[in-house]
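User: I would like to go through the aromatic contacts and the internal cavities here. Could we start with the rings?
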Amino acid sequence: MLTFALRRLLMAVPTLLFISLVIFLLLELAPGDPVADMPLTIPPEVREKIRISLGLGEPMHVRYALWLYNLFVTEPSYWIDALFGTDLAQGSQRIISFQTRAPVFDTIAERMPQTLIVVGMGYVVGVLIALPIGIISAYRQYSVFDQIGTFISMVGFSVPTFVTGVMLIVVFSVWLGWFPSIYDTTLQVTDWPSFVKQMRQMVMPVFVLALYNAAQISRYMRASMLDNMTQDYVRTARAKGMSERVVILKHVLRNSMIPVVTVIALGVPGVFTGAIITENVFKVNGLGQQLLLSIQGNDAPMVLTISFIFAILIVLFNLIADLLYGLLDPRIRYD
Amino acid sequence: MTDLPDSLAAARPPRNQWWDVWDQFRSHKGALIGSVILALTLFSVLAGPWLWGVDPTFINIRMRDQPPSLAHPLGTDQLGRDMLARLFAGGQITIAVGMTAMALSILLGTLIGVLAGYFRRIDGPLMRLTDLFLALPLLPLLLLMVMLFREPLVGSFGPEGGIFALIVVAIGVTSWMQTARIVRGDVLALKEREFVLASRSIGTPARRMILRHILPNVMSPIMVSATLGVANAVITESALSFLGLGFPPDFPTWGRLLNDGLAYINLSPERVIWPAIALSALVLSINYIGDGLRDALDPRIRGR
Amino acid sequence: MKMRTALLGAAAAFAFAPMAQAERGTDGNVNVIYWQAPSILNPFLSGGTKDVEASSIILEPLARYNPEGVLVPFLAEEIPTLENGGVSEDLKSITWKLQPDLLWSDGTPVTAEDAVFTWQYCTHPEGGCAQLSKYNGVSNVEAVDDLTIKISFEDAQPNPYGPMVGGQSPILQKAQFENCLGTKAPECTDANFGPIGTGPFRVVDFRTNDVIQLEANPNYRDPAKPAFATMTFKGGGDAEAAGRAVLETGEFDYAWNLQLAPTVIASMAAAGKGKAISAFGTLVERIEVNMTWADPSLPEGERSTAKHPHPILSDLNVRKAISMAIDREILTEIGYGQAGRATCNLVPAPAAYASPNTDCMVQDIEGAKALLEQSGWTVGAGGIREKDGMQLKLLFQSSTNAVRQDFQALIKQWWSEIGVEAELKNVAGSVFFGADPGSPDTFQKFYADVEMYANNFDGTDPQAYLASYTCDKAPRPETQWQGENVNRFCDPAYDEVVEELARTGEITRRQELAIRLNEILTKDTYTIIPLVDRGRVSAHSNSLGGVSLNTWDSEMWNVADWYRVK
């Protein structure tokens, strides 16, 4: 298992380099222009000069090489400098965003906490709701609980988050006035009242995300449980006189986890890049919102860097999922 | 099946196994209701425009923002277009896009998942391909596809057909990855099961192994993916038209109706609610049909 | 009785308190929301409106335009004119005098050197300054003494109020930006995110694309202002959410540029928490006609070029007919309400430059049909007109925007009534307004027959704006598809009038020439079909006083005068 993990990690390096190249080419070839959202009153000659000052005058391969160099040499040396007070970077240029003209990693670091708190919470809550709902719905198939669960999760999944989000705002912020419609990103949690305030502003975005995630995961959980419930080994276990609890939670659940683990692992990287629509609806300054702004503004360095981090997480969590398969079902072997 | 009493076997004429499937499906209440709802939805979006006879793109400025009335059972929008007619017309496109894109994505996902799970040699490359597609930023990819292929496709299939093909392919090739990962995970576990080992030991060729033994056993996650895939395709389509990458702006898809209605949620919430209900009904009915099909196709449940 | 009068008097005194005896920082916090989030506070590095407006709270120019479009001094003592000798007789230089004793927010004095530095900063060849065109034709900026700035031009400049005037062209502090010239400009993140200025507020914390926290500038020149101690400037989301936060939930005090349907704004305002305000500038929503042919069957490099005049739209009658079929009043009512006025002009304001042309105001379907008949376009299959085997079909593109798509649908219907078939297409704004020469969907490349968008000009002088329709400004493959004359309109007579305008200093003659140019483009040739003169709608809460909506400069131009209504 360990050698497998190590080999996969080694393999990940060329994979990731290739992915970064593909993303870079994609951004190059896709139509768009970083000066597109400037007012039309700025004449074309000036726009051309701005483009050159952004480094767009250089040929493609030079820009890609520069980005790679910055990512793997300049940025780490800045972090080391910041940690140990050394001067490895010596004032060299970091990866600069087209839109903000500031280092890309500063913006990412600034937005990471809110992303993890809000989107992460939405995901965790979603998973925690989804698993029991999936298990109970499968165990009591076609019961009232199952029917209601199916109904809510299907409605929750088929109505897009931009609709549920706005509906919640209209009901709970405009009509009832319970929760703020705009997330205050400057709020510092220092005492009880500010904690309560933070909770209040998190309720709606977390709810929207949790509903969406729970809907999806619970469906896979239920389907997989149903598949296993009729297997021979379940009958055997029951015949041996095991309690229902042990049969369901130990045998069936463990064997049903493979698709669920896949889905959950696929969703975790999404937490880091955020939930674009939900963050935008509630004005949470997460990474998803930044990614959307950067794509709209054709801010190639920002999009490339965020996408690359996302790619690392995807490769990593898919590896974790593969390792978990082996734990859940020892018959799956990698050699 | 071998321990079936001979008398019983003799009493019933031999029949196609699909009849058994149908019998089981018929006895599934949810599936039946789902089929009826789906049939109704299909009937109304196909026959609705013909029966209702109002042009969904006809603008009557004087009748704008009307609440529901006899002339306009669902009211009118901000330009005075009849909402009912728009819902019907939108349904045709939405259902067609949702179903086709879902089918494409499930096909791709299942194919890649099964191949990767079953044949160890191509597992690595296929899963790295999956990683690549998962990591690609969707929006620039779609922009690029639209830029490269819109004109040639529109040129060869006409504005509607060309954009339909473009959108279906765009959604299909950007949403198969989850299915592929799930299917692969299940296949990895399945191929170590006793019945697979047994049939391999008698020399069953790979093709038959996959079709007869592997695929039927991964049907349930595929069914779930399919259900979720329809909703996903419809939402992606609405995001595309919102960004100007989808159908021309006067094509009323359900996603676009939702988007447009959202601005007027204070004034007339029904403009959001109706398309949302239509969409949920579609997805729910597909879900129940999927449930019924899954039960019906499972020989262990069938006949119990 | 006496008691009651006294109480009333006290109440009245209390109500007028902020006006009468305002004091800096007594009104607490003010919340502003812009649905486009500022990404940087240096307007020279980003021309985006959101960035310019946000930075205008902190950075100030010598003079600004007020809501009437009149120049008022800010850092300058007075506006230099020919009469007071500030502008030289040959129109080749202008001399500004700074107010005495001005301080930057860090307490150091403002001098003419800062202005000279600002010029050097923006005109540095490698800086990529977004406001470079403000310094067009400037040959030198010099500090005559500590408080006197002399700007010299290469040629006579009939309108010398370009450099360091208006929200786009403020003055930077030399000490802060000294090491940020040229390629070093983007490296000065701290300065770009927290410029030291002379405005009423200074930056406490800047989070890019999210929120700015500001506090009253202790060195602001008016000791009684600003009334607010702090300001929170939130960005991001969409116009609906911004409107909702001010008008419906009251969480915010001011929301910028609510591009929403009038019925939506009205329903929000009905909640009674605030009011929508509007004002007009020079922004005109228009249909641009492609004078060249963009047919996909033409070889790449020849589409939309002067090589292939448009087979349908080269006919003046067709252009006129598609204009006559449009009911501009209805478009205005549906799309903009109180923030729009139907117009037939490309230059709708200032009043002295606006043509009295109202020819297009009345929709005339029958007249349009007659014009088409006259040109030989007869009704053929499916009600679509045709001539010489060519059907009257037009591809109509625009950027993605709810109001524009409504307009497209409406116009398509009117055109179908006169036998013109339109195919609609919308393109994401970031692509449409981008200048990527590889993309077929940009507004410059114009691979369509007609397109709709809005444009305006900075300040009050339309010269540069009208000069963008000369022959040489047409985007074409040789210019990498750059250029403002997207119609590929080309008329030597027009170019001549443009040259004359550039030479003329006398104000009434300038106005005549500008009106003439406007009429050539609109009512003479129908190259441009103006639709709506678009105003700006913003909203403020009932408790925010002192707001004066300005479309000629930044909306934050008088934020120093804002106060809390008690």
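User: Before that, what kind of model is this?
Analyst: It is a predicted model, in which local features need pLDDT of at least 70, side-chain atom pairs count only at pLDDT 80 or more, and totals for chains, interfaces and linings use all residues. Residues are numbered from 1 along each chain as its sequence is written, chains are lettered from A in the order in which they are written, and side-chain values use heavy atoms, without hydrogens and water.
User: How many aromatic pairs are there over all chains?
Analyst: The search finds 32. Rings of Phe, Tyr and Trp (its six-membered ring) pair if their centres lie within 6.5 Å; planes under 30 degrees apart are stacked, over 60 edge-to-face, the rest tilted.
User: Which class fits C:F432 and C:F433?
Analyst: That pair is edge-to-face, because the planes stand at 80 degrees, with the centres 5.0 Å apart.
User: And C:F457 with C:Y465?
Analyst: Their planes are at 45 degrees and their centres 4.9 Å apart, so the pair is tilted.
User: Are C:F457 and C:Y465 buried or exposed?
Analyst: Both are buried, meaning under 20% relative accessible area (exposed is over 50%, partly exposed in between; 1.4 Å probe, protein chains only).
User: Which residues do ring pairs link into a cluster?
Analyst: The cluster consists of A:F24, A:Y64, A:W67, A:F72 and A:F308.
User: Turning to cavities, what is the volume of the largest?
Analyst: The largest cavity has a volume of about 140 Å³, taken as the space filled by probe spheres set on grid points joined across faces, edges and corners. A cavity is a set of points on a 1 Å grid over the protein atoms alone where a 1.4 Å probe fits but cannot get out; lining residues have an atom within 4 Å of a point.
User: Which lining residues are closest to its centre?
Analyst: Of the 15 that line it, the closest are A:P34, A:M38, A:F98, A:Q99 and C:S46.

Conventions:
1 Å grid on protein atoms, 1.4 Å probe; cavity = no way out; pocket = protein on both sides within 12 Å on 5 of 7 lines; lining within 4 Å.
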